[in-house]
Every structure is written in C-alpha cells, then in structure tokens.
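Subject: Structure handover

Hello,

Here is the structure I promised to pass on. My notes follow below it.

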Amino acid sequence: MTVTRALFDDVMVPNYSPAAVIPVRGQGSRVWDQNDKEYIDFAGGIAVNCLGHCHPALVGALKEQGEKIWHLSNVMTNEPALRLAKKLTDATFAEKVYFANSGAEANEAALKLARRWAIDVHGEHKTQIISFKKGFHGRTFFTVTVGGQPAYSDGFGPKPGDIVHAEYNNLESLKEIISDKTCAVMLEPIQGEGGIIPPTKEFIEGVRQLCDDNNALLIFDEVQSGAGRTGELYAYMGLGVTPDILASAKGLGGGFPIGAMLTTTELAKHLKIGTHGSTYGGNPLACAVAEAALDTINTPEVLNGVKEREAIFKAKLEEINNKYNVFKDIRGQGMLVGAELTDAFEGRAKEFVNAALEHGTMILVAGANVIRFTPSLIVPLKDIDQGMAQFEQAVASIVNA
C-alpha cells in the first residue's frame, strides 16, 4: 500500500489537519520523511519525546518487556507498574499512584478523586471546581470543560456543572470565586496551550494558601510541564508549592502512551475498589518504557542540561529577534519555551510553523500568537545550532515576503 497525505482525508475523521510531510524514521532529535528529507525536531511530539527518538534505554526496555508479558488488566498487577509507582513515590511528594493512558485520563482521575474526597469528607455541597482561563487539561468532556478555552468545549450540548474559571496570575479573581463550596483548584504550573505562561511567585503561593483556607485541594496538571521538562523532575519542585494531586503524562513515557495521577495516602483512600478504573492503565509495556525514561531523566546531568539548553534557546531567539523584530516576549522554563509574536505578526504563528517545516525544523504553536518549542530534553547542542539557523531562515522568509 502506498501511504500519502491524501489517504488521511480518505480514511481518517477530519478533526485533524496534519502537514503533508509524513515522517518515517527518527534518531535523537532528527527525523526523516518518506523522501528522506531530514528535519530537526523542536516539537517533540508536543512535549512527549523527552529523550528524542529511539533512545536506546527506551528501545531496550520495550524489547525486553515485549518478550515477557504485554497485558494483564488490573484484575492483576505487574512488576513494571509496581516498580514505576515506587520510583514515582520515592521521587515526589506522592504516596500513591494511579496509572492511565493519557494526560486527559490522569486529569479525569484527579478531578473525580477531588469530588469524591469533598463529598465523602465535607458533604454534597462541596463540588465546585475552579480552573483558569486559557488552561488546557485534556479532551474528555469533563477535562475539556475544566480547561478554560470554550472553543474546545462548546457545541457538544450541556457541560458538566459546577466548574468556573478565574484569571491566571490574578489572585484577586480567584479570591472572588473560591469559597467553602470549592472542592478543588486545578492549574498548570506553567500554562502550555494557553501561551507558555509561567506563574508569578505571589500567584502560585497565594493559590496554595487560598486552597488551604477554604479546605480545597490543589491539583497540578503537569502533563506538559512534568517529566523533566522545566529542568525539575516536576515543575512544582521549583515553585516552593506542593499540590495535593498531580497529573503526569506526555514525557513520562518518552513517546509510549502512559498517564499517572499522583497523590497522598489520605486522599487516595477515597477511590476505593470499584470507584474508578482503566483497562490499559498500568500496562506492562508502557510502565517498562516509562521506568527507563524516569531513570534516565531524573539525574542531575539531564536536569541541569535542560536548564543550560533553555538559556541557549532563549539567547538564539533573542539574536533572531534583534535582526527581525518579530517577538514581543520570549518566555518559558526549561525545554518549554514560547516566543510571542509582535502586533505586526498577530495571529500568524501557524505561518511560522509551516515556514520552519519547509526549512527543515519542526516547531509548534501555543495559540495563534505564540511559537512553541518543546524539543528533547537532551537535544544535542549542534542540533540546536542547526535547527535555529533553519528557523531563522524561516523567519526571514516571512519578514521579507
């Protein structure tokens, strides 16, 4: 069978509009398409391929586990799931782990746990969930409603209730909403899809205090910011604020689908037998790969390297901006970097993505005005140089058009 971009339109539901390029092979931070054209990958499968493509530790773990056992379901458990859970609890605030397949599922579990805890402990009145405008928490109907972007949740009929949205980095807007009826506040410790927006120290500490004052749980959606992305194993570790529940996915499996909800023993007991579940959650293949990814990421060498690469990325973007004056702000943490376009190029982020692809560099958008870079945490410095040189060519092609 000959696979072309046209085949997508023939056989796939049209909720995506992928590029004409069809990648077929990857190694590290380089990708080759069907025509053997080479690309530098600064997209990382949307912050998923945290160790690049075909990292030997991950390939080895997959091959080894693939010769043992593939699936059991949760009527039993398995060695890779328990090893991974132990390493996650040893490395974080958490004492208990629930495994799922995606970030949306991890967030769904977090939200259900928060509601269940609140009703069990405080009563039926305590069900309000507060999240933040421009947030993104997944595509299930519950998580997409909690996410603060109506464009993603409108048009599907009545939405899950008792969900309200405050302004990110605006503590006063949260104070106006939060009350004894609030069961949880959910946020990204750095907004991803909303434009790569880090929290201020005052805001993130204030959110924690408001949750404590109102007997509400604090949920961190670390689907994008976790697994070493910010230069900490999880972003909360660099903020001085500890959540009650944390959702992880994307980079956790280094490209293999897995999600996890992390929490405390006291909270976890409210998801007793039968209250929640997943057929594939904790799959041995996924957990074996994720264990190898976690072992590789959670080292001073890799995490310090992320911070070094952040400085290089931002410096190169500043150099490009000094020449072409296209960015009004360059921001982010670790290998989660955003460049917001000036008013002269408002709404044209996708054009920069397309131009970059033509010049051999894969990048992303974070809304219509922000270009997003989420490369491998260990992207080689020579690949940064080449990828940024190609990106500069793309910028020049738009500015000079």
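What covers the buried residues of α13? Strands and a helix share the job: the cover includes β3 (38–41), β12 (336–341), β13 (361–362), β14 (364–365), β15 (370–373) and α14 (381–399). The helix itself runs over residues 349–358, and its buried residues are A349, F352, V353, A355, A356 and L357. G360 follows α13, with a positive phi near 95°. Please keep in mind throughout that this is a predicted model.

**Overall fold**

The protein chain has 14 helices and 15 strands. Its radius of gyration is 21 Å, close to the 21 Å that the globule rule gives for 401 residues, so the chain is as compact as a globular protein of that length. The C-alpha trace spans about 60 × 55 × 45 Å along its principal axes.

Burial comes next. Of the 401 residues, 54% count as buried. The accessible surface of the chain is about 17,600 Å². Carbon and sulfur atoms hold 53% of that surface. As for contacts with a separation of 6 or more, 70% are between residues 24 or more positions apart.

**The second largest pocket**

This pocket has a volume of about 680 Å³. It is lined by 33 residues, and those closest to its centre are N74, V97, Y98, F99 and G281. Which elements each supply at least two residues of the lining? They are α4 (79–91), β4 (96–100) and β10 (259–263). By class, the lining has 14 nonpolar, 16 polar and three charged residues.

**Around the pocket elements: T263 and A109**

T263 is in strand β10. Is T263 buried or exposed? It is buried, with a relative accessible area of 2%. Leaving aside neighbours within four places in sequence, T263 is in contact with F93, A94, E95, K96, L113, D244, I245 and A268.

A109 sits in helix α5, which covers residues 103–122. A109 is buried too, at a relative accessible area of 0%. Beyond its neighbours within four places in sequence, A109 is in contact with Y98, M261 and H276. One of these partners, Y98, also belongs to the group closest to the pocket centre. H276 is another partner to look at: A109 and H276 are 167 residues apart in sequence, yet their C-alpha atoms are 7.5 Å apart in space.

**The cavity, and A227**

How many cavities of 30 Å³ or more does a search of the whole structure find? The search finds one. The largest cavity has a volume of about 30 Å³. Its lining consists of A47, C50, V223, Q224, G226, A227, R229, A249, K250 and G251. These divide into five nonpolar, three polar and two charged residues.

A227 deserves a second look. This lining residue is found in the loop between β8 (217–221) and β9 (245–248). Phi of A227 is positive, near 55°, and the residue is not a glycine. Most residues other than glycine have a negative phi. A227 is buried, with a relative accessible area of 4%.

**I196: another positive phi**

I196 is also not a glycine and has a positive phi, of about 55°. Where is I196 found? The residue is in the loop between β7 (182–187) and α9 (201–213). I196 is buried, with a relative accessible area of 0%.

**A partly exposed loop residue: K159**

K159 lies in the loop between α7 (150–153) and β6 (163–166). Its relative accessible area is 36%, so K159 is partly exposed, given that the partly exposed class runs between 20% and 50%. What does K159 touch, not counting residues up to four places away in sequence? Its partners are F141, T145, S153 and D154. K159 and V146 are 13 residues apart in sequence, and 9.7 Å separates them in space, C-alpha to C-alpha.

**Where to look**

For a quick tour, begin with α13 and its cover. Then go to the second largest pocket and its central residues, including N74 and G281. Finish at the cavity lining, with A227 among its residues.

Best wishes

Note on methods:
Residues numbered from 1 in each chain as written. Predicted model: local features only at pLDDT ≥ 70, side-chain atom pairs only at ≥ 80, totals over all residues. Heavy atoms only, no water. 1 Å grid on protein atoms, 1.4 Å probe; cavity = no way out; pocket = protein on both sides within 12 Å on 5 of 7 lines; lining within 4 Å. Points joined across faces, edges and corners; volume = space filled by probe spheres on them. Helix = DSSP H or I, 4+ residues; strand = E, 2+ residues; numbered from the N terminus. Nonpolar A, V, L, I, M, F, W, Y, C, P; charged D, E, K, R; others polar. Rg over C-alpha atoms; globule rule 2.2 N^0.38 Å. Buried < 20%, exposed > 50% of the residue type's maximum accessible area, 1.4 Å probe, protein only. Contact = heavy atoms within 4.5 Å. Areas by Shrake-Rupley, 256 points an atom, 1.4 Å probe, with all protein chains shown as cover.
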